[in-house]
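User: Could you take a close look at one part of this model for me? I'd like the cut-offs spelled out as you go.

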Amino acid sequence: MKVDVKNVNPAFVEMIKDPSQKIFLDTNIFISPDRSGLQNNVGAFKFEDYKKVFLDPLRS
């Protein structure tokens with residue numbers, strides 16, 4: 001994955017400027033990824049771990 005650190009994402013800046021605004025998310029963000037079929041020795045990401053790492057921070 002390439003991360004562009006030279007240019008600012010304007011949508012992200014607007015989100016930071018006004019944290020009270022509503023942000024619409026695709027429902028797929030609530031489905032934990034199962035990558036077990038893609039690589040050997042990789043298990044499914046447990047939903048509780050996914051919730052703690054990705055979803056709970058969205059609530060604060």
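What follows is a walk through one helix and its surroundings.

User: Where does helix 1 sit, and what do its side chains do?

Analyst: Quick housekeeping before the details: this is a predicted model, so local features need pLDDT of at least 70 and side-chain atom pairs count only at pLDDT 80 or more, while totals for chains, interfaces and linings use all residues. Residues are numbered from 1 along each chain as its sequence is written, and side-chain values use heavy atoms, with hydrogens and water left out.

The chain has 2 helices and 0 strands (DSSP runs numbered from the N terminus: H or I of at least four residues for helices, E of at least two for strands). Helix 1 covers residues 10-17. Just at its start, a side-chain oxygen of Asn9 comes to within 2.9 Å of the backbone nitrogen of Ala11. That fits the polar contact rule (N or O atoms within 3.5 Å, one able to donate a hydrogen and the other to accept it; residues adjacent in sequence count only if both atoms are side-chain atoms).

As for cover, helix 1 has hardly any: 0 of its 8 residues are buried (under 20% relative accessible area; exposed is over 50%, partly exposed in between, with a 1.4 Å probe and protein chains only). Across the 60 residues of the chain, 3% count as buried.

Now the charged pair. Lys17 and Glu14 form a salt bridge at 3.4 Å, N to O (the rule: a side-chain nitrogen of Lys or Arg within 4 Å of a carboxyl oxygen of Asp or Glu). Both are in helix 1, 3 residues apart, about one turn of the helix. An α-helix has 3.6 residues a turn, so residues three or four places apart point the same way. Lys17 is exposed at 60% relative accessible area, whereas Glu14 is partly exposed at 44%. The salt bridge count comes to 2; Asp56 and Lys51 also pair up, with their closest N and O atoms 3.4 Å apart.

Helix 1 also feeds a nonpolar surface patch, giving 3 residues, the largest share. The patch is made by Phe12, Met15, Ile16, Ile23, Leu25 and Leu58, and spans about 560 Å² (areas by Shrake-Rupley with a 1.4 Å probe, only the protein chains shown counting as cover for residues). Patch members need over 30% relative accessible area and no salt bridge; nonpolar side chains (Val, Leu, Ile, Met, Phe, Trp, Tyr) are joined within 5 Å, like charges within 9 Å. Leu58 comes from helix 2, residues 47-59.
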